[in-house]
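Biologist: Please take a close look at one part of this model and tell me, with the cut-offs you rely on, what borders it and how its neighbours are arranged.

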Amino acid sequence: MSDPVPTVKFLGLTFNVANDLSILITCLIVFLFVFALSRHIAMKPKGGQNVLEWLVEFTNGIVKGSIKGNDASHFGLYAFTLFLFIFVANQIGLFIHIQVGEYTYVKSPTADPVVTLTLSLMTIALAHYAGITKNGAKAYFKGYLAPFTLFLPLNIFEQFTNFLTLGLRLFGNIFAGEMLLTLISGLTSSKNWISYIYSLPVELAWQGFSVFIGSVQAFVFVTLASVYISRQLTPEE
């Protein structure tokens, strides 16, 4: 079971303070990272500019792998921003976990299904908007009747499952990793020095593996986002 988080109410709405702070810190880290790498842009790149250009080319490559033609260029910035945000959000709980008393104030934002399902909803909504914008409303709604009219309920259900699986896959991997890391950390902080000896290497190894998992999940999310957008841009006949 996850640690309790503080909440505040404003205008009748309940806000999760841990999510808000964690998302704010994640956005700040991403902004400062890109800001620092883009301070000295030159025709002949070096240092930080090389890293930034490599990241842009990497995310552009993900998009172009699914979206063909000139349409790919329209979603490069979204993929770049999404990848950096999810990558940092996946890792932040491994290195910055702030808990005061019984409440957790800073953790990985993607360890909460509300955050991951929001990212999923944004992506699915963008995909449908792009499909309507390019093909028109008539072709968009006609796609739900392909290949036969009887497939309408299945096609609608498919869109709903795409939304759920995209968000819950990310949440499940990050949440499980943090829960296991918490259990291992509990052994490390125990007063039994024997458990400390064998649990500390396990904790370090799991942290390294969690960094790898977090990186893979950021890649998978952006890849699937590109696939879903591509499907809406090129409807089935």
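Modeller: What follows is a description of the largest cavity, and then of the helix packing around one of its contributors.

This is a predicted model, in which local features need pLDDT of at least 70 and side-chain atom pairs count only at pLDDT 80 or more, while totals for chains, interfaces and linings use all residues. Residues are numbered from 1 along each chain as its sequence is written, and side-chain values use heavy atoms, with hydrogens and water left out.

The chain holds six helices and four strands (DSSP runs of at least four residues for helices and at least two for strands), and along the sequence they follow the pattern β-β-α-α-α-β-β-α-α-α. Its C-alpha trace spans about 65 × 50 × 40 Å along the principal axes.

The structure contains one cavity of 30 Å³ or more, a cavity being a set of points on a 1 Å grid where a 1.4 Å probe fits but cannot get out. The largest cavity encloses about 40 Å³ of space, taken as the space filled by probe spheres set on the points. Its lining (residues with an atom within 4 Å of a point) consists of Val63, Phe75, Tyr78, Ala79, Val222, Ala225, Ser226 and Ile229. Helix H3 (76-95) and helix H6 (193-233) each supply at least two of these lining residues, and H6 gives the most, with four. By class, seven lining residues are nonpolar, one is polar and none is charged, where Asp, Glu, Lys and Arg count as charged, Ala, Val, Leu, Ile, Met, Phe, Trp, Tyr, Cys and Pro as nonpolar, and the others as polar.

From the cavity the description can move along H3. Helix H1 (residues 17-37) packs against H3 at an angle of about 125°, with the axes 9 Å apart, and the two are therefore oblique to each other (neither under 35 degrees, nor 65 to 115, nor over 145). In this contact (heavy atoms within 4.5 Å), Ser22, Ile23, Ile25, Thr26, Cys27, Ile29, Val30, Phe33 and Val34 of H1 meet Phe80, Leu84, Phe85, Val88, Ala89 and Ile92 of H3. The residues of that contact comprise 13 nonpolar, two polar and no charged ones.

H3 also packs with helix H4 (residues 113-142), at an angle of about 170° and with axes 13 Å apart, which means that H3 is roughly antiparallel to H4. Here Tyr78, Leu82, Phe85 and Ile86 of H3 touch Leu119, Met122, Thr123 and Leu126 of H4, a contact of seven nonpolar, one polar and no charged residues. Tyr78 thus appears both in the cavity lining and in the contact with H4, while Phe85 is listed in the contact with H1 as well as in the contact with H4.

H1, for its part, also packs with helix H2 (residues 48-66), at an angle of about 120° and with axes 8 Å apart, so H1 is oblique to H2. Phe33, Val34 and Leu37 of H1 meet Gly48, Gln49, Val51, Leu52 and Leu55 of H2, and these residues divide into six nonpolar, two polar and no charged. Phe33 and Val34 of H1 accordingly take part in the contact with H2 and in the contact with H3.

Methods:
On a 1 Å grid over the protein atoms alone, a cavity is a set of points where a 1.4 Å probe fits but cannot get out, and a pocket is an open set with protein on both sides within 12 Å along at least five of seven lines; lining residues have an atom within 4 Å of a point. Axes are lines fitted to C-alpha atoms, for helices over the stretch in contact, and angles run from 0 to 180 degrees between N-to-C directions.
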